[in-house]
Amino acid sequence: MNSVVNKKIVILGTGGTIAGKSAVAGDNVGYVASQIGVEQLLGAIPALAGAKDGVSSKASYGGCELVCEQVSQIDSKDMNFEVWQCLLARCQHWLAQPDVQGIVITHGTDTLEETAFFLQCCLDTAKPVVLTCAMRPATAIAPDGPQNLLDALAVASSDDQNGIRGVVAVCAGVIHSAVDVQKVHNYRLDAFSSGDAGVLGYVKEGKLDICRKYEVNSRLAGVFIASIAIKSIAKMTSLPRVEIVLNHSGATGAIVEALLAQRKTATSNQLAGIVIAATGNGTISKELEIALQKAEASGITVWRSTRCAFGALVGKADVQFGDSHGLSPVKARIALMLHLAQGAT
Ligand code: SIN
């Protein structure tokens with residue numbers, strides 16, 4: 001812990017397993033996510049007890065006062081634009097306060113990487129915004145949430161020397177960048193990976209062990225840099241609709257054809273883009289390729305990414321479809337939605 005004085009860390013709760021409860025004490029999988037409020041989560045950690053909803057309290061971490069706010073209470077499989085909008089607005093509000101040192105967001109693990117990436121694209125901040133989570137519910141015999149929360153607070157309270165700025169994720173003592181983080185395991189406590197880019201560092205007993213500098217802008221440079229004004233996101237009712245289509249053995253163009261047919265009759269939020277989760281180094285079955293070409297010819301923007309968990313497409317520039325610049329399909333989808341929204345605003 002460092003000794004920042006008179007600063008605040010804001011903890012925004014969104015739900016997830018970290019806030020989950022099971023009727024059977026110690027059941028790690030048969031639980032309901034998003035049952036416990038963020039204030040209660042903090043209250044369960046003796047050193048932090050006393051944080052109050054939206055107002056000052058005596059609870060502190062590393063000299064920073066803790067303030068908590070419940071933004072949503074959902075299982076992150078149901079994460080949606082409305083919650084993102086709200087989260088973005090609350091982050092913007094708190095980050096603008098000079099006495100706010102950083103933000104911690106408690107979130108479900110399942111779509112944590114998507115929310116982290118969305119916030120990274122839309123928030124222009126040098127302060128740390130740290131998403132954390134748990135793989136076991138709060139009622140587990142050995143829940144991982146409390147330690148993850150403490151580790152996230154260590155990152156949020158860190159000073160500039162540590163180089164943690166912008167949006168990161170902390171789980172199982174590991175710090176990942178929002179651009180690289182992805183959930184790679186459905187059960188293990190250390191469920192996330194940063195792939196080839198490598199982790200940003202580790203949290204060890206409240207101290208940060210940083211492995212590499214967070215070069216977020218250079219990683220995103222090929223795609224776009226967050227130039228969507230937060231104000232215009234706040235006014236939108238939705239982002240342009242982008243679907244992900246997977247290539248696999250036996251893949252036909254049927255799903256793309258169905259999307260095109262639906263587009264003809266849809267009256268609102270018509271399909272605007274498709275991200276292909278291609279096989280290997282970007283390959284697509286002949287039939288799917290023909291359907292995607294048809295989609296592109298009808299005005300839909302098509303970006304190519306790979307369904308491989310690690311690595312980015314290598315080789316000549318894609319002359320057929322747009323490039324996902326090394327983003328996973330779920331992050332490429334968000335980048336394309338924001339990209340299309342920029343054109344529309
Ligand atoms: C969720 O993503 O909200 C549920 C699963 C989890 O947090 O691990």
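This dialogue reads helix 4, an aromatic pair and the cysteines in a predicted model.

Student: How does the end-to-end distance of helix 4 relate to its number of residues?

Tutor: The expected span is 1.5 Å times one less than the number of residues. Helix 4 covers residues 145-156, which is 12 residues, so 16 Å is expected. The C-alpha atoms at its ends are 16 Å apart, in agreement with that value.

Student: Is helix 4 largely enclosed or largely open to the outside, and which of its residues are buried?

Tutor: As a general idea, residues three or four places apart on an α-helix point the same way, because there are 3.6 residues a turn. In helix 4, nine of the 12 residues are buried, so the rest of the structure largely encloses this helix. Among the buried residues are Gly145, Asn148, Leu149 and Asp151. The run from Ala152 through Leu153, Ala154 and Val155 to Ala156 is buried as well.

Student: How many aromatic pairs are there?

Tutor: Ring pairs are found by the distance between ring centres, with 6.5 Å as the cut-off. The count here is one aromatic pair. Trp84 and Phe118 form it, with 4.5 Å from centre to centre and 15° between the planes, and the pair is stacked. Trp84 lies in helix 2 (residues 81-95) and Phe118 in helix 3 (residues 112-122), 34 residues apart, so the pair links distant parts of the chain.

Student: Are Trp84 and Phe118 buried or exposed?

Tutor: Buried means under 20% relative accessible area. Trp84 is buried at 6%, and Phe118 is buried at 0%.

Student: How many disulfides are there, and what of Cys64 and Cys211?

Tutor: The search of the whole structure finds zero disulfides. Cys64 is buried, at 0% relative accessible area, whereas Cys211 is partly exposed at 45%.

Note on methods
Residues are numbered from 1 along each chain as its sequence is written. This is a predicted model: local features need pLDDT of at least 70, side-chain atom pairs count only at pLDDT 80 or more; totals for chains, interfaces and linings use all residues. Side-chain values use heavy atoms; hydrogens and water are left out. A disulfide is a pair of cysteine sulfur atoms within 2.5 Å. Buried means under 20% relative accessible area, exposed over 50%, partly exposed in between (1.4 Å probe, protein chains only). Helices (H or I, at least four residues) and strands (E, at least two) are DSSP runs, numbered from the N terminus. Rings of Phe, Tyr and Trp (its six-membered ring) pair if their centres lie within 6.5 Å; planes under 30 degrees apart count as stacked, over 60 as edge-to-face and the rest as tilted.
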